[in-house]
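Please open the structure in a viewer and keep the sequence panel visible. The tour proceeds by selections, each followed by a description of what is found there.

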Amino acid sequence: MPGIMEPIPLNSDLWVTEQGTYLGAVITNVPFLAEDFCMSPHTQIDDNQLCLILFRGFMTRANLLKTLIEIEKGKHIGIPGIEVIPVNAVRIEPLDTDKDARGINIVDGELIESGPIQCHIMQNAAKIYSK
């Protein structure tokens, strides 16, 4: 796993890179982000994958509105402009050098300075016990 400031290896079969315009991106390993917000209905916490959900820049307003309505029950998957990609690691880098034009980054509900974000699966890093 390269460090956040290191470049992604160009000749690697482990990484796929793409550049484009996006309305948003979500990285999760759980289906629900809130009680009524089923972002990734087929994701399981123990499947050793992250789920990258891309909101492509070409989404129509009608499809974006439909997504906001259908996401409550996880029925937004398949709407044109929504892409769900299972990944082991992901890095998102804003291309714009103007800090004010980079967009907004939110990690676990907290607003953070816009910049590169990278995450990966850490298998068996924690155990959860419940009663």
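The stops below run from the whole chain to individual side chains.

**The whole chain**

Begin with the complete protein in cartoon representation, bearing in mind that this is a predicted model. The cartoon contains one helix and nine strands. Traced from the N terminus, the elements follow the order β-β-β-β-α-β-β-β-β-β. The C-alpha trace extends over about 45 × 40 × 30 Å along its principal axes. Of the 131 residues, 24% are buried. Among contacts with a separation of 6 or more, 61% join residues 24 or more positions apart. Switching to a surface view shows an accessible area of about 10000 Å², with 54% of it belonging to carbon and sulfur atoms.

**The largest nonpolar core**

Return to the cartoon and select Val26, Met39, Cys51, Ile53, Phe55, Met59, Ile71, Ile79 and Ile82 as sticks; these nine residues form the largest nonpolar core. Which element gives the most to this core? It is strand β4, residues 50-56, with three residues.

Now centre the view on Val26. Beyond its neighbours within four places in sequence, Val26 is in contact with Leu33, Met39, Cys51, Leu52, Ile53 and Phe55. Next, select Leu50, Leu52, Val87 and Val90, which are among the five residues of a second, separate core.

**The salt bridges**

Select the charged side chains. How many salt bridges does a search of the whole structure find? The search finds three.

Start at Arg56, whose side chain meets that of Glu18 in a salt bridge with an N to O distance of 2.5 Å. Arg56 belongs to strand β4 and Glu18 to the segment before β1, so this pair ties together parts that lie 38 residues apart in sequence. Arg56 is buried, at a relative accessible area of 14%, whereas Glu18 is partly exposed at 47%.

Keep Arg56 selected and add Glu83, since the side chains of these two residues also meet in a salt bridge, at 2.3 Å from N to O. Glu83 is located in strand β5 (residues 82-87) and Arg56 in strand β4, so parts 27 residues apart in sequence are tied together here. The relative accessible area of Glu83 is 31%, which means that Glu83 is partly exposed.

Move on to Glu93 and Arg91, whose side chains form a salt bridge at 3.1 Å, N to O. In this pair, Glu93 is partly exposed, with a relative accessible area of 41%, and Arg91 is buried, with 13% relative accessibility. To finish this stop, show Glu18, Arg56 and Glu83 together: salt bridges that share partners join these residues into one network.

**The cysteines**

Select the cysteine sulfurs. A disulfide is a covalent bond between the sulfur atoms of two cysteines. A search of the whole structure finds zero disulfides.

Why does Cys51 form no such bond? The closest cysteine sulfur, in Cys38, is 10 Å from the sulfur of Cys51 and therefore too far for a bond. Cys51 is buried, at 5% relative accessibility. For Cys119, the closest cysteine sulfur is that of Cys51, at 11 Å, which is again too far for a bond. Cys119 counts as partly exposed, at 23% relative accessibility.

**A buried loop residue**

Select Ser114, in the loop between β8 (110-112) and β9 (117-120). Is Ser114 buried or exposed? Its relative accessibility is 11%, so Ser114 counts as buried. Apart from residues up to four places away in sequence, Ser114 touches Pro94, Arg102, Gly103 and Asn105.

**Surface stops**

Bring back the surface and select Leu23, Leu64 and Leu68, which make a nonpolar patch of about 280 Å². Leu23 is placed in strand β1, residues 22-28.

End at Gln44, in the loop between β3 (37-38) and β4. Gln44 counts as partly exposed, at 47% relative accessibility. Add Lys66 and draw a line between the two C-alpha atoms: Gln44 and Lys66 are 22 residues apart in sequence and 25 Å apart in space.

Terms used. Residues are numbered from 1 along each chain as its sequence is written. This is a predicted model: local features need pLDDT of at least 70, side-chain atom pairs count only at pLDDT 80 or more; totals for chains, interfaces and linings use all residues. Side-chain values use heavy atoms; hydrogens and water are left out. A nonpolar core is a set of buried Ala, Val, Leu, Ile, Met, Phe, Trp, Tyr and Cys residues joined through side-chain atoms within 4.5 Å. Buried means under 20% relative accessible area, exposed over 50%, partly exposed in between (1.4 Å probe, protein chains only). Helices (H or I, at least four residues) and strands (E, at least two) are DSSP runs, numbered from the N terminus. Contact means heavy atoms within 4.5 Å. Patches are made of residues with over 30% relative accessible area and no salt bridge: like charges are joined within 9 Å, nonpolar side chains (Val, Leu, Ile, Met, Phe, Trp, Tyr) within 5 Å. Accessible areas come from the Shrake-Rupley method with a 1.4 Å probe; for residues, only the protein chains shown count as cover. A salt bridge is a side-chain nitrogen of Lys or Arg within 4 Å of a carboxyl oxygen of Asp or Glu. A disulfide is a pair of cysteine sulfur atoms within 2.5 Å.
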